[in-house]
Amino acid sequence: MTLSIDTVEMHTAGEPLRIVTAGWPCLQGATLLEKRREAKAHHDSLRRLLMEEPRGHPDMYGALLVEPDHPEAHLAVLFMHNEGYSTMCGHAVIALGRYAVDQGLVPAVEPETVVNIQCPCGLVRAIVEVTAGKAGAVRFDSVPAFAFALDKMVETRDWGPVTLDIGYGGAFYAFLAADSIGLDVETSSIRDLTDAGEKIALAAAEQIRLEHPEEPDLAFLYGTILTDGRDAWEEGATRNVCIFAGRQVDRSPTGSGVTARLALQHARGLIAPGQRRLFRSVTGQDFTGEVVETTQIGRHRAVIARVGGHAYYSGTARFTAEPDDPLRGGFLLR
């Protein structure tokens, strides 16, 4: 039989989101992390089919809605990309907040509707602006975010010793100013930024042992975020570019990355609760970000960040795969 999967297509600041609406087998795991392991072990061919060529591309991103096990969650989600399954995705949460209201998964309440989304990293609270029954801008309150390491030295082949920070915002990222390795987030080519991000992530993952205070499945380095170095609070936007899952480039400012960056800025005393900042991506689009409260997770002083943006619909699709198609399983040229 020809396989068939239906999707709704969205984007947030240019970063795509392919939401699976039909055709994926029901996952039986009792918890969301068990469902994530089950998807990796038994249904990874479907991730590849949707994310990779010829139906996707090396920078595609997807979301699979599943039954939540958190008592406060309206819905639960597994995030997917070219390399596997991530633990948090802010651009997807922004899109799913709007989608949940538009599809009636959560009854619309004006002027704001709360959508509690269970992510692999924990429960994320999305606040959706609603006007005349229509969903608009979305902001979300993060899981506890923290500075895992500040001024960590990592040896690299291309730049020698590099100093970077490790921040957690639902996923772990390595952060450094692009000019510290001779690049610029505005004028350097995407290829040069991507090459650098991948090399630094590989070096940092090899040399720094990560630990999450509650869940071992979350303790891996997701990617590198190169910034313009403007971390102290000021008016106007600060730029960053996220390279994750190998060489995937986030078109958005990266919601979990903005969360982690806010945690690092707060740890250094560079931003105070209530100070809102704009974070600009490679597409020139902005997310808002602010620290709304401080908290604790394990041994780490942490913050709850609020990140906001806009998501838009770009279409619907029905993807098929014939059984005799030699490229049925997908492929990537990059």
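Mentor: Helices (H or I, at least four residues) and strands (E, at least two) are DSSP runs, numbered from the N terminus. By that count, the protein chain has five helices and 17 strands. Thr 254 sits in the loop between strand E13 (248–249) and helix H5 (255–267). This is a predicted model, where local features need pLDDT of at least 70, side-chain atom pairs count only at pLDDT 80 or more, and totals for chains, interfaces and linings use all residues. Residues are numbered from 1 along each chain as its sequence is written, and side-chain values use heavy atoms, with hydrogens and water left out.

Trainee: Why is Thr 254 called buried?

Mentor: Buried means under 20% relative accessible area, exposed over 50%, and partly exposed in between (1.4 Å probe, protein chains only). Thr 254 has a relative accessible area of 3%, so Thr 254 is buried.

Trainee: Which residues does Thr 254 touch, not counting residues up to four places away in sequence?

Mentor: They are Tyr 173, Cys 242 and Phe 287. Contact here means heavy atoms within 4.5 Å.

Trainee: Tyr 173 brings us to the rings. What makes Tyr 222 and Phe 244 an aromatic pair, and why is the pair called tilted?

Mentor: Rings of Phe, Tyr and Trp (its six-membered ring) pair if their centres lie within 6.5 Å; planes under 30 degrees apart count as stacked, over 60 as edge-to-face and the rest as tilted. Tyr 222 and Phe 244 are 5.2 Å centre to centre with 50° between the planes, a tilted aromatic pair. This pair links distant parts of the chain, with Tyr 222 in strand E11 (residues 221–227) and Phe 244 in strand E12 (residues 237–244), 22 residues apart.

Trainee: How do you know whether Tyr 222 is buried or exposed?

Mentor: Tyr 222 has a relative accessible area of 8%, so Tyr 222 is buried. Phe 244 comes to 3%, so Phe 244 is buried too.

Trainee: Which residues form one aromatic cluster with Tyr 222 and Phe 244?

Mentor: Tyr 61, Tyr 173, Phe 175 and Phe 220 join them in one cluster. The structure holds nine aromatic pairs. One of them is Tyr 168 with Phe 172, tilted at 4.7 Å centre to centre and 50° between the planes.

Trainee: Finally, what makes the protein chain as compact as a globular protein of that length?

Mentor: The radius of gyration is taken over C-alpha atoms, and the globule rule is 2.2 Å times the number of residues to the power 0.38. The rule gives 20 Å for 334 residues and the chain has 19 Å, which is close, so the chain is as compact as a globular protein of that length.
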